[in-house]
Amino acid sequence: MSKVDLFAAIRRDSHAGLSVRAMAGKYKVSRRTVRAALQSAWPQPRKPMPPRASKLDEFKQIIDEILRADLDAPRKQRHTVTRIYDRLIAEHGMRGVSYSVVRRYVADRKPKIRVEAGRGPVNVFFPQTHRPGEEAEVDFGEVTINLRGEPVTCMLFALRLSFSGKAVHRIFASGGSEAFLEGHVHAFTTLGGVPAGKIRYDNLRAAVAQVLGFSRQRVETARWTAFRSHFAIDPFYCQPGLQGAHEKGGVEGQIGWFRRNHLVPVPEVDSFEQLNTWVDVWDTADNDRRIGSRAHTVGEMFAIEQPRLSALPDELFETGTWLGPRVDRYSQVTVRMNRYSVPVRLVGRQVRVHLSASELVVYDGRAEVARHERLMARNSSRLDLDHYLEALLRKPGALPGSTVLEQARAAGKFTPVHDAWWEAVRKAHGDSAGTRALIEVLLLHRHMPHEHVVAGLAAALRAGALTADAVALQARKFAENDDHSQLVDRPRRPASNVVSLTERRLAQLPADTRPLPSVTAYDQLLRLPPRTAERNRS
């Protein structure tokens, strides 16, 4: 039994009349223990053992003096543990003391000496009460996803309302200014308003251009200044480094909770659009959870907070960035140290580029000419095979081994069926003519679905039809079957692998419901006046 149970049993037997000697014999304890139990129901705490002597004891005072002197020394000329250890050996004759013993003592005494000297007060944290609709916190966190089978590190944007704990998330390819602003717009739209008070931020580069000393003053970027003015945001910037992490601990913990509960295991996605659709569903489901020991759910608390948010402005804010690069001789534009392809007809011209958090759109005047998913790494390229087809018709020998062809294969746009048909047509017509025939087939992708062209290639390959026209006919045949188009009645003919293009075009013409032409309107020209008739006779 425990000592408390032993004392209780002794006191119970004492009330029953047993003597001290009898109780000592019954419980096999000393009479001193019995008397102690009769004096108090609680056992006295065991006396601490005296501190064990150490060879470092005679040098502890010296170490303390060194640490106190370091308080006034220049920051870069203060003692390290190694320097203290060497001085104790060289100047004070220390022997038989290991480096680890000195290191443990210095680690224990250094913060205490700063507190004793009034240089480092003990950190104290105070619980906070947040008013509904007035405060929020924003931060980015790194997450890893499997994007089309490859692990990719991207950024999770989070905006969390301090009162209800309602959080809105968005995952972007990077944490640049476009993602920072787009995340705010998505969060405000989802919440239906803007916090009326302060929003707490780190010193993110998208918002802060320069930190001014140790104060709260910041030099803000121009885009962020315009954005917060548009939405009437009152920012509160936390202290730089780890010291300011506790000033927005709510969103710091929220990012970790979201990552552990929704991104474990690592999600497999085909695009950021698909992933963010899941994120919106997860955010809605999180309205039913309770934070800590709160009596109400996040959704119930948000129902109280939402009416107190400030209204959204009527005008939209352009979160993307407009750039004006020039197309180089490789038919590419360079944006943020990455290269993107455009149609070859634009080589040497200046184009307009709209860069958002997840994609890049290229305009020639007002016409959109290219659209790419934004690259995450630097010094990379994203090339579209369709942009180079006109140039490849003139230089077919450049296609094999080209970077754009390898990227098309990796993306699944240039399939093994393309390769098989290409190899067959090159054997039949030669490398140059065969490659040109393949390029003509690739041009079909501009106005026909990818799967129909691939099916047409496979059918033409089986039939031995190694021309682009045959592939086009077979692709249209598959397109008609998918659309379930109704063909007009016509004489049946034996099945053949080769289809008449003229017959199919005539079969697809709509019925002509117009009335037959009439020449009645021209009869008035035959009725000439009498004077005109006599003049004609003379």
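## A walk through the strands, helices and cores

Let's begin with one pair of facing residues: Val 362 has Ala 370 in strand 14 as its bridge partner. Keep in mind that this is a predicted model.

That bridge belongs to the pairing of strand 13 (residues 359-364) with strand 14 (residues 367-373), which is antiparallel and runs over six bridges. Asp 364 is bridged as well, and its partner in strand 14 is Ala 367. The two strands make a hairpin with two residues between them. One to look for in the turn is Gly 365, which has a positive phi of about 70°.

Strand 13 also pairs with strand 12 (residues 352-355), again antiparallel, this time through four bridges. Here Arg 352 sits opposite Tyr 363 of strand 13. Strand 12 and strand 13 are joined by a hairpin too, with three residues making the link.

There is also an open sheet of three strands, in the order 10-11-15, with mixed pairing. Strand 10 (332-335) and strand 15 (381-382) are the edge strands, and each has a single partner strand, so one side of each has no neighbour in the sheet. Strand 11 (residues 338-341) pairs with strand 15 in the parallel sense, over two bridges. Within that pairing, Tyr 340 has Arg 382 of strand 15 as its bridge partner.

Here are the strand pairings side by side:

| Strands | Sense | Bridges |
|---|---|---|
| Strand 12 and strand 13 | antiparallel | four |
| Strand 13 and strand 14 | antiparallel | six |
| Strand 11 and strand 15 | parallel | two |

Moving along the chain, Tyr 388 turns up in the loop between strand 15 and helix 12. Is Tyr 388 buried or exposed? Its relative accessible area is 13%, and under 20% counts as buried, so Tyr 388 is buried. Leaving out residues up to four places away in sequence, Tyr 388 touches Tyr 330, Ser 331, Gln 332, Ser 341, Val 344, Leu 383 and Val 404. By contrast, the C-alpha atom of Ser 54, 334 residues apart from Tyr 388 along the chain, is separated from that of Tyr 388 by 79 Å.

Now for the cores. The largest nonpolar core has 32 residues, and Leu 385, Phe 414 and Trp 421 touch the most other members. At least two residues of this core come from each of helix 12 (389-394), helix 13 (403-411), helix 14 (416-429), helix 15 (431-443), helix 16 (450-463) and helix 17 (468-483). Setting aside residues up to four places away in sequence, Trp 421 has contacts that include Ala 437, Leu 438, Val 441, Leu 457 and Val 471. Another core lies apart from this one, with 30 residues, among them Val 138, Met 155, Phe 172 and Phe 180.

Phe 180 shows up again where two helices meet. The axes of helix 7 (residues 177-191) and helix 8 (residues 222-231) come within 11 Å and cross at roughly 10°. Angles under 35 degrees count as roughly parallel, so helix 7 and helix 8 are roughly parallel to each other. From helix 7 the contact uses Ser 177, Phe 180, Leu 181, His 184, Val 185 and Phe 188, while helix 8 brings Arg 223, Trp 224, Phe 227 and Phe 231. By type, the residues of this contact are seven nonpolar, two polar and one charged.

Notes: Residues numbered from 1 in each chain as written. Predicted model: local features only at pLDDT ≥ 70, side-chain atom pairs only at ≥ 80, totals over all residues. Heavy atoms only, no water. Axes fitted to C-alpha atoms, helices over the stretch in contact; angles between N-to-C directions. Parallel < 35°, antiparallel > 145°, perpendicular 65-115°, else oblique. Contact = heavy atoms within 4.5 Å. Nonpolar A, V, L, I, M, F, W, Y, C, P; charged D, E, K, R; others polar. Core = buried A, V, L, I, M, F, W, Y, C linked by side-chain atoms within 4.5 Å. Buried < 20%, exposed > 50% of the residue type's maximum accessible area, 1.4 Å probe, protein only. Pairing = 2+ DSSP bridges.
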